[in-house]
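Subject: Structure for your review, with a summary of findings

Dear colleague,

Please find below the structure that I am handing over to you. My account of what was found in it follows, arranged by topic.

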Amino acid sequence: MLTSLSLSLSLSLSLSLSISLSPSLSLSLSLSLSLSSLSPSLSSLSLSPSLSLSLSLSSLSSLPLSPLSLSLSPLSSLSLLSSPSLSSLSLSPLSLSPLSPLSLLSPSLLSLLSLSPLFHLSPSLSLSLSLSLSLSPSLSLSLSPEYLTIGMCSVSRPKGSYLISTLSSIFSRSSPAELNSMLVVVLLADFDAQWRATTLGQITANFPSQLKADQLLVVHVPKQYYPPITGLKRNFNDNDDRVMFRSKQNVDYSFLTQFCTGRSQLYLQLEDDVSCSHHFLSAIRRRVQQMEVPWATLEFSALGYIGKLYHSEHLPLLSRFLFLFYQEMPCDFLLSHFRVLLTQNEVIRFTPSLFQHTGSYSSFLGTFNKLKDNDYEDLYTNPAADVYSDIPVYMDHVAAMAWSPGTGTFFWGRSPSPGNHLTVTFKQPVVVTAITVVTGSAEGRDRLASATVELGLHPVTEKTGSGTTCQEFYSVGDLQGGRMDMTDVHKKRFGHASSCLRISVTAKQNDWVIIKKIRITTKEE
C-alpha cells in the first residue's frame, strides 16, 4: 500500500566578493550556503539554510570607503505545487546591500544553473558574484507494510467450496482496526479457467468493500510456470494421484509465499476451510509481543498447514524450500524441517487454538475429512465476577479458573457431595442469553455426573463468609453428559437481570470433578 512519496533536494550556493582598492590594499570575502531537505510531501518542501562566512583583509589602513555590508535573505521555502515537473519552483529573493535587490524567480529551475553578474561600485572597486545552484531530485516510493498478511490457496472441490465462508469468518470476526492492519491474499490455484472465473465472481460479489480497500487480493499462477507434477517419486508409498496432489500443493504454497514477501511484518498460513476465533489478530499480536526467544514458526492450530505464523523476511527462504523439495513430502512435513533448519528445534504452539478446521470433505478427491482441533476455542470474555466453591480444591485449580477463558485453566475438585456448589456472583447484574458448561477431561474422566445450573437474584453475603451468593435461585436446566449448551435463556422466563449463576451438585460421586469451562453471553437489559 502506497503511503508516502518523498523528494530529495540538494541546493548549494557559493558567493565570492573581491574588492580591489589599490595595489597595496585588497579585501576578500567568501560565503558558502548549503541546503538539503527530504520532504514527506510533494506539495510543500521547507529548507533551512546553513551559512558560513569568512573574511580576509590584507590591510585596512586609510580605507576611503564606508563600511560595506552584505546581507543574504534566507531561502525560506521551496515549493512544488502539485506539478509533475519542476517548473513550479519558487525561491525567496536574494538581496545585496548597498546594491539593489537581486531576485531569482525562474519558471524552470533546471535552466538556472549559474548566474554571474558583475557589479561596478567605482572605478577602483569591483564586486564579483557567482552563484551556482544544483538540484538533484530523487523520488522514492515508500511502502508501509501491514502487520499481518494471511495467505491461502484454493482449488475446486468435488463436494462444494468453503472459501467464501472462510473469508467471511476472517473479516466478520475482526475489528475495523484489525482489518486496517491485515491483508488477505487468495491464490486461485486450480487450472480450470471456468472455476476461477466463477469463484472470482463470488468473491467480488461478497467482498466488494474489502477488495476496494486493498484488504483482499486474489491472484493466479498460469500452469506453464509449474514444474512437472506427474510421474514423480512415490515417497511414503503414496499412489500417483496423491503424489501429484501434494506436490502441486507445495508449489502452490511456494508461489503464494513468494508473492506475499514484504507485504507485512508477519505472514499467517491458513487453509480455505477454516473458522476463525474472534479478534484472532489481536491474540496473535499479544503472543508475539510476549516472545522472549528467537523463533521461526509459531503455531496457532494443531492441524496441518493451518495457523502457522512466519516472519515475512523468511518467506523467500520458505518459498524456495517448498519449491526445491516439492515432490518429497507433504507441506506440513516440510514446514517442520524448515523450522529446524532455522534453528528452532521445538514446536511453539499456543492454546487455545485460534482456527478450527470446518471442511467435511477434502479437496483431494472429495474424501470425507472429520479432522477437528480439540484445542480450538472462540475467544470470549465473561462478565466480571467473583467465583468460589465449597468443593475441596485440588492444588491450585481454584474455582475462578473455570470462569477464565483459555485451555489449561480449569477447576479441579475432590469428590463432590449433594449440596456442594460452584457460585459465580456478577459484579453488575446481567441478562444472560446463553450458557455453556463443560466438565471432565479430554479423555472423558472426572465429569460432573449430576448437577443443575441456576440463575439467582438479590446478592447477599454467605453466612459462612466464604463469598457472595443470592437470596433466590431458579433452575435453568440440568447437565447432560457432564455439560450444558443452552441458548435463548432470556426467552425462557429469565429475561430479567441476574446477579448469580450457580452449579449445584445433586448426587454424590466418587470421581473427582473437573469444570473445564463456564461461558455465558449477555445482552443489555
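Two residues are said to touch, or to be in contact, when heavy atoms of theirs lie within 4.5 Å. With that meaning, Asn250 touches Leu322, Phe325, Tyr326, Met329, Pro330, Cys331 and Leu334, leaving aside residues up to four places away in sequence. Please bear in mind throughout that this is a predicted model.

Overall composition

The protein has 525 residues, of which 45% count as buried. Its chain forms nine helices and 26 strands. Among contacts with a separation of 6 or more, 71% are between residues 24 or more positions apart.

Helix 5 and helix 7

Asn250, introduced above, is found in helix 5. Is this residue buried or exposed? Its relative accessible area is 0%, and because buried means under 20%, Asn250 is buried.

Helix 5 packs against helix 7, which covers residues 315-324, with the two axes 8 Å apart and at an angle of about 160 degrees. Angles over 145 degrees count as roughly antiparallel, and the two helices are therefore roughly antiparallel to each other. The crossing of helix 5 and helix 7 is left-handed. On the side of helix 5, the contact is made by Asn250, Val251, Tyr253, Ser254, Phe255, Thr257, Gln258 and Cys260. Helix 7 contributes Leu315, Pro316, Leu318, Ser319, Leu322 and Phe323.

Helix 5, which spans residues 240-260, also holds both Lys248 and Asp252. These two residues form a salt bridge, their closest N and O atoms being 2.9 Å apart. They are four residues apart, about one turn of the helix. An α-helix has 3.6 residues a turn, so residues three or four places apart point the same way. Both Lys248 and Asp252 are buried.

Helix 1 and helix 3

How do the axes of helix 1 and helix 3 cross, and within what distance do they come? The axes come within 11 Å and cross at roughly 30 degrees. Since angles under 35 degrees count as roughly parallel, helix 1 and helix 3 are described as roughly parallel to each other. Their crossing is right-handed. Leu163, Ile164 and Leu167 of helix 1 make the contact with Thr199, Gln202, Ile203 and Asn206 of helix 3.

Helix 1 is mostly covered, with seven of its ten residues buried. The buried residues of helix 1 are Leu163, Ile164, Thr166, Leu167, Ser169, Ile170 and Phe171.

The nonpolar cores

The largest nonpolar core has 38 residues. Which of them touch the most other members? They are Ile150, Leu167, Ile170, Val184, Phe280, Leu309 and Phe355. At least two residues of this core come from each of several elements, including strand 11 (146-154), helix 1 (163-172), strand 12 (182-188) and helix 3 (193-206). Strand 14 (264-269), strand 15 (274-276) and helix 6 (280-290) each supply at least two as well.

Ile170 serves as an example from this core. Not counting residues up to four places away in sequence, Ile170 touches Ile150, Met152, Met182, Val184, Leu270, Cys276 and Phe280. Apart from the largest core lies another, of 29 residues, among them Val430, Val453, Leu455 and Ile518.

Salt bridges

The count of salt bridges comes to seven. In one of them, the side chains of Asp272 and Arg157 meet at 2.6 Å, N to O. Asp272 lies in the loop between strand 14 and strand 15, and Arg157 in the loop between strand 11 and helix 1, so the pair ties together parts that are 115 residues apart in sequence. Asp272 counts as buried at 4% relative accessibility, and Arg157 is buried with a relative accessible area of 10%.

A further salt bridge joins Arg483 and Asp485, with the closest N and O atoms 2.9 Å apart. Here Arg483 is partly exposed, with a relative accessible area of 36%. Asp485, at 53% relative accessibility, counts as exposed because the cut-off is over 50%. Finally, salt bridges that share partners join Arg157, Asp272 and Asp273 into one network.

Yours sincerely,

A colleague

Conventions. Residues numbered from 1 in each chain as written. Predicted model: local features only at pLDDT ≥ 70, side-chain atom pairs only at ≥ 80, totals over all residues. Heavy atoms only, no water. Core = buried A, V, L, I, M, F, W, Y, C linked by side-chain atoms within 4.5 Å. Buried < 20%, exposed > 50% of the residue type's maximum accessible area, 1.4 Å probe, protein only. Salt bridge = Lys/Arg side-chain N within 4 Å of Asp/Glu carboxyl O. Axes fitted to C-alpha atoms, helices over the stretch in contact; angles between N-to-C directions. Parallel < 35°, antiparallel > 145°, perpendicular 65-115°, else oblique. Left-handed = near helix turned anticlockwise from the far one by under 90°.
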